[in-house]
Amino acid sequence: MDIENECLNIDGLSKSYIVNNEQIDIIKNINLNITEGEFISIVGYSGCGKSTLLKIIAGLVSYDIGSVKLNGQEIRQPSTDVGMVFQDHRLLPWLTIKDNIAFGLYDMDKYEKEKIVMEHIQLVGLKGFENVYPHQLSGGMAQRAAIARALVHKPKVLLLDEPFGALDALTRIQMQKEILKIWNKEKTTMILVTHDIDEAIYLGDKVVIMSSRPGTVKKRLSVGIGRPRDRTSYDFSVLRKDIYAEFFKEDYELPDYAI
Ligand SMILES: Nc1ncnc2c1ncn2[C@@H]1O[C@H](COP(=O)(O)OP(=O)(O)OP(=O)(O)O)[C@@H](O)[C@H]1O
Ligand SMILES: [Mg+2]
């Protein structure tokens, strides 16, 4: 990898929480180097620490050991350089879509703000809906608004934590196409966490597979399939099979109540 193009460097990252006086290791010794403009998908069992990892990259959660650097600068607090989209849209219900997207754009001329907000409304395909309230949008539209709200700050890295998890299968596929369009246009480095292996392959340049308890990087796979990708193609199905195999051979302890 060309070291000059590296954008995000995660070195020996570990995080634990103290729960009932006991130290629980959540993620351990994560190493990831992400190049500018890359699209990384992360998959792993529920509870393996994917959201914790994203929140650390966003500067929302502290870490114990290792380092997380964006263009050489250690991340220790939230900044507009890193945007995040969550599974639920988290739009403010009392603000219109336009005002939700404009929220946090301080120190900006009124006309410039209007222009930037409208550009982003257009980018995510919500033109005509700028003056409606979040409850008047469908789930997919609300997620598009959340993506616009994150992108309006021109982040260097956009973190997507299961952003389409609550959407139906068809809307999900539509949103995947749209996120690719946005990625092509904006060239933002993207890190997507998903439970959906097809989504991970369809979107990612690389797929990172995390193991559980504590969360570590188990495997990195280069997707290497030209875009637009065909989910029914041979190469796609080979990769899908490899990723499923990684999960099923994992020594995954069943909970006590499992029969
Ligand atoms: N603030 C906290 N205090 C204590 N434990 C926490 C805290 N936040 C997360 N955890 C624990 O860390 C582990 C990883 O949580 P995390 O939300 O990162 O998992 P995840 O991989 O995103 O799971 P999912 O796929 O279900 O969203 C879980 O066991 C969770 O209980
Ligand atoms: Mg999560």
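Which residues is Ser 41 in contact with, leaving aside its neighbours within four places in sequence? The close-ups below, all taken from a predicted model, start there.

**View 1. Ser 41 and its contacts.** Ser 41 belongs to strand 3, which spans residues 39-44. Beyond its neighbours within four places in sequence, Ser 41 touches Leu 192, Ala 200, Leu 203, Gly 204, Lys 206, Val 207 and Val 208. With a relative accessible area of 0%, Ser 41 is buried.

**View 2. The six-stranded open sheet.** Here the strands follow the order 6-7-8-3-9-10, with mixed pairing. Strand 6 (82-85) and strand 10 (216-222) each have a single partner strand, so one side of each has no neighbour in the sheet. On average, and ignoring direction, neighbouring strands are turned by 20° against each other.

**View 3. Strand 3 beside strand 9.** These two strands run parallel and are joined by five bridges, with strand 9 covering residues 206-211. Look for Val 43, which stands opposite Ile 209 of strand 9.

**View 4. Helices on the sheet.** Helix 1 (residues 50-57) packs on the sheet and touches strands 3, 6, 7, 8 and 9. The direction of helix 1 makes about 155° with that of strand 7. Helix 4 lies across strand 6 and strand 7, at about 170° to strand 6.

**View 5. Helix 4 with helix 5.** The axes of helix 4 (residues 139-151) and helix 5 (residues 169-186) come within 11 Å and cross at roughly 20°, so the two helices are roughly parallel. Their crossing is right-handed. Helix 4 contributes Gly 140, Gln 143, Arg 144, Ile 147 and Leu 151 to the contact, and helix 5 contributes Thr 171, Met 175, Glu 178, Ile 179 and Ile 182. By class, that makes five nonpolar, three polar and two charged residues.

Note on methods: Residues numbered from 1 in each chain as written. Chains lettered and ligands numbered in written order. Predicted model: local features only at pLDDT ≥ 70, side-chain atom pairs only at ≥ 80, totals over all residues. Heavy atoms only, no water. Axes fitted to C-alpha atoms, helices over the stretch in contact; angles between N-to-C directions. Helix = DSSP H or I, 4+ residues; strand = E, 2+ residues; numbered from the N terminus. Parallel < 35°, antiparallel > 145°, perpendicular 65-115°, else oblique. Left-handed = near helix turned anticlockwise from the far one by under 90°. Contact = heavy atoms within 4.5 Å. Nonpolar A, V, L, I, M, F, W, Y, C, P; charged D, E, K, R; others polar. Buried < 20%, exposed > 50% of the residue type's maximum accessible area, 1.4 Å probe, protein only. Pairing = 2+ DSSP bridges.
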